[in-house]
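Hi,

Here is the structure I promised to pass on. Have a look at it first, and then read my notes below.

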Amino acid sequence: MSASKSPPPIRFGVWALVHGSRAALQDPDEPYDASWDRNLRLIQEAEALGFDSTLVAQHTINPHHAPRDQLEAWTAAAALAALTDRIEIIAAIKPYLYHPVVLAKMALGIEHISRGRFAINLVNAWNRPELEKAGIGFAEHDERYVYGREWLSVVEPLMRGQTLNHEGANFRVTDYTLRPADPYRARPRIYIGGESEPARALAAELGDVWFINGQPLDDVRGLIAGLAARPRAGSALRFGLSAFVIARATEAEAHAHHMHLFELAAKDSEIRVVQQANTDTKSVMAATMRRSPRVGSNGGTAAGLVGSYDQVAERILAFNRAGIETFMLQYQPFEAEMRRFAVEIMPRVRAMAG
Ligand SMILES: Cc1cc2nc3c(=O)[nH]c(=O)nc-3n(C[C@H](O)[C@H](O)[C@H](O)COP(=O)(O)O)c2cc1C
């Protein structure tokens, strides 16, 4: 995005806690809780506090520590749609888990329940046992994207209400139309979460928003410039960033909490060894995560949203000037820090943005 272009509107979102705490699993200030009840309360409060979006990640088994609870994404998203009024609900989807016709129908169903607030986040999987142990198999990294591309090329026109005839390597769909169509807009929004070259190509070709893992501002600038330069039909690609926020009255207090979370996260080291062994070695996301120490998932504190209230607000605006529209945020302990963000950071960002 060129410097002369005005930045996109800023939207704040929260990650649903589908697998509990984001930074450290053994935190006396945040007992492990991935329940529906907690997530419902959390998302309803986020909506009341002024957050614009929530991302419900999809994992059939807990990817960090399999014996722990894991909230099911699509049933939770449908229920959240009925029990909220304004907040966007994004449900992640791994193409191998659902036939695209069924998934498009489910997406349109939640679009109706939410009255036009639903989105999918296409993700390509990294946790091998989730698919292998189900007998689905874990195809090679780029092959999974080839499959995902064909899958999305079926889902997209069906969500749009078009009659589809498709014959490809994996799917044959004949004269298929989903009704009722979307009465609120052309179709639910499509986010793409993945960092590798095939993920970028898919975002440029079929996505509305590319989700970037939390990482330093200069890296994010480069990623956005690369994607924005690709040929594309229709409206411009938009950008979202995942990040873990630690904001305090002073920078020193924020760093102290960061260190505290690093110490707590160290207690999970045995769990992380298993998680790493389960991770696709070709996952570019995993390689990015290894580049800088951080707490939180999907980049976490590597995005640098750790500091005084003013520093965090200024950094959010710098990412926004680089082209980030949606900030999908994590905290720990989640509810208390989310409230602090709404009270201290949201008004500062609004005031600084003028
Ligand atoms: C914002 C965001 C959300 C994600 N959510 C999920 C998810 O819900 N489930 C999942 O298995 N992977 C999720 N991922 C991870 C992607 O599946 C991951 O990027 C991919 O497996 C590795 O692909 P890559 O090599 O293209 O990065 C997410 C990634 C991003 C950036």
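Before anything else, keep in mind that this is a predicted model. I'll begin with the ligand and then move on to a few spots in the loops.

The shell around the ligand has 25 residues, and those that come nearest are Q58, H141, Y145, S196 and V284. By type, the shell splits into 11 nonpolar residues, 11 polar ones and three charged ones.

Three residues are worth picking out for their polar atoms. H141, already on that list of nearest residues, has a polar side-chain atom 2.7 Å from an oxygen atom of the ligand. With A125 it is the backbone that matters: one of its N or O atoms lies 2.8 Å from a ligand oxygen atom. H59 faces a nitrogen atom of the ligand instead, with a polar side-chain atom 3.5 Å away from that nitrogen. On its own the ligand has 610 Å² of accessible area, and the protein covers 99% of that.

Where does the ligand sit? You'll find the ligand in the largest pocket. Three elements each give two or more residues to the shell around the ligand: strand 4 (118-123), helix 5 (141-159) and helix 10 (284-291).

Back to A125 for a moment, since its backbone has something else to show. This residue is in the loop between strand 4 and helix 4 (128-132). Its phi is near 80°, which is a positive value in a residue other than glycine.

Two cis peptide bonds turned up as well, and here is where to look for them:

- R179 to P180 is cis, with omega near 5°. P180 belongs to the loop between strand 6 (172-176) and strand 7 (189-193).
- Q332 to P333 is also cis, with omega near -5°. P333 is in the loop that runs between strand 12 (324-330) and helix 12 (334-353).

Last, take a look at N298, in the loop between helix 10 and strand 11 (306-308). Which residues does N298 touch, if you leave out those up to four places away in sequence? They are W15, R22, N213, G214, S242, M285 and M289. N298 and L241 are 57 residues apart in sequence, while in space their C-alpha atoms are 9.3 Å apart. Closer to home in the sequence, the side chain of N298 makes a polar contact with the side chain of S297, at 3.0 Å.

That's what I have so far. Over to you!

Cheers

Definitions and conventions. Residues numbered from 1 in each chain as written. Predicted model: local features only at pLDDT ≥ 70, side-chain atom pairs only at ≥ 80, totals over all residues. Heavy atoms only, no water. Near = heavy atom within 4 Å. Polar contact = N/O pair within 3.5 Å; in protein donor to acceptor, adjacent residues only side chain to side chain. Areas by Shrake-Rupley, 256 points an atom, 1.4 Å probe, with all protein chains shown as cover. 1 Å grid on protein atoms, 1.4 Å probe; cavity = no way out; pocket = protein on both sides within 12 Å on 5 of 7 lines; lining within 4 Å. Sits in = over half its atoms within 2 Å of the grid points. Helix = DSSP H or I, 4+ residues; strand = E, 2+ residues; numbered from the N terminus. Nonpolar A, V, L, I, M, F, W, Y, C, P; charged D, E, K, R; others polar. Contact = heavy atoms within 4.5 Å.
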